[in-house]
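Q: Please take a close look at the site around the bound ligand, covering its contacts and its surroundings.

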Amino acid sequence: MLDPRRPRCIAIANQKGGVGKTTTAINLGAALAAEGQQVLVIDLDPQGNASTGLGIDVEQRNFTTYDMLIEGMPLREIVLPTNITNLSIAPATTDLSSADVQLVNNENRVFLLKDALDVATLAGFDIVLMDCPPSLNLLTVNAMVAADSVLVPLQSEFFALEGLSQLMLTIREVRQSANPALRIEGVVLTMFDMRNNLCRQVEDDARENLGELVYKTRIPRNVRLSEAPSYAMPVLQYDPTSRGSEAYRDLAKEVLKRQLQEA
Ligand SMILES: Nc1ncnc2c1ncn2[C@@H]1O[C@H](COP(=O)(O)OP(=O)(O)OP(=O)(O)O)[C@@H](O)[C@H]1O
Ligand SMILES: [Mg+2]
């Protein structure tokens, strides 16, 4: 039974690079916020793309997820508001890239994020989305240990499903060791192109193998989605009527519906 004061914590993970993790963290976050949810995005990627895409300049990132994980700074001190109503962010900078090495001898190293997510700060949020780096490294494992579930963006291309088995293995390992309750939130097909046979093939395979875990909503390949970060905005702000906006709004509704069904 979930603590009603605890938000739903979702790690957005896939060790494959460039599959739409950050785009999903930003735009699903914005779409959930538009539905009235209080949303916190935690940037766990040293690339800091989610922070940039949500309008937080590097100069504004005085305190970051590095300070939280390595220096033990409380979550409440690193959280910043964004220009989007109901959406906050715990930003990241490149110094996070040294976390793996710095923590190698720390026995508590997979629990650092879980321990940093204090109840009082979390109580102000309904949903926490953690944007993971393109690796199954210590940062991603920290996210999986702290999370209730993992949301997997799956780029509709050849080899997509092969990468998934490695990810599922890591989820299983985290379940066996540090977080037995970890679930798979869902798998979302990204950069989908209806006219492309390969995309449809990947979709068929994904639905056959993963069944209901695959969201009905597919995120289309949409240039507005790739342009929005350079204006430091979610697509919902940059171009609210674009197909990308529409898709992330649909995904947000689907995520919320599943949450209701499970409650
Ligand atoms: N549906 C889409 N349509 C068009 N472009 C997209 C879409 N989703 C993502 N992109 C673009 O593809 C690139 C990779 O996306 P994104 O940064 O979200 O992936 P990622 O999985 O977070 O990458 P990394 O593994 O490096 O963190 C970005 O330039 C992004 O703007
Ligand atoms: Mg990313």
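A: What follows describes the site of ligand 1, from contacts to pocket. This is a predicted model, in which local features need pLDDT of at least 70 and side-chain atom pairs count only at pLDDT 80 or more, whereas totals for chains, interfaces and linings use all residues. Residues are numbered from 1 along each chain as its sequence is written, ligands are numbered from 1 in the order in which they are written, and side-chain values use heavy atoms, without hydrogens and water.

Ligand 1 is surrounded by 18 residues, the closest being Lys 21, Thr 22, Thr 23, Pro 220 and Asn 222; a residue is near a molecule if one of its heavy atoms lies within 4 Å of it. Among the polar contacts (pairs of N or O atoms within 3.5 Å), a polar side-chain atom of Thr 23 is 2.5 Å from an oxygen atom of the ligand, and a side-chain N or O atom of Thr 22 lies 2.8 Å from an oxygen atom of ligand 1. Pro 220 instead uses a backbone N or O atom, 2.8 Å from a nitrogen atom of ligand 1. The protein buries 80% of the 630 Å² that ligand 1 exposes when taken alone, with areas from the Shrake-Rupley method and a 1.4 Å probe.

Helix 1 (21-34), strand 8 (214-220) and helix 11 (223-227) each give two or more residues to this shell, and helix 1 gives the most, with 3 residues; helices (H or I, at least four residues) and strands (E, at least two) are DSSP runs.

Ligand 1 sits in the second largest pocket, meaning that more than half of its atoms lie within 2 Å of the pocket's grid points. That pocket has a volume of about 440 Å³, and among its 25 lining residues Gly 18, Val 19, Gly 20, Thr 23 and Met 191 are closest to its centre. A pocket is an open set of points on a 1 Å grid over the protein atoms alone, where a 1.4 Å probe fits, with protein on both sides within 12 Å along at least five of seven lines, and lining residues have an atom within 4 Å of a point.

Terms used: A polar contact is a pair of N or O atoms within 3.5 Å; within protein, one must be able to donate a hydrogen and the other to accept it, and residues adjacent in sequence count only if both atoms are side-chain atoms. Grid points are joined across faces, edges and corners, and a volume is the space filled by probe spheres set on the points.
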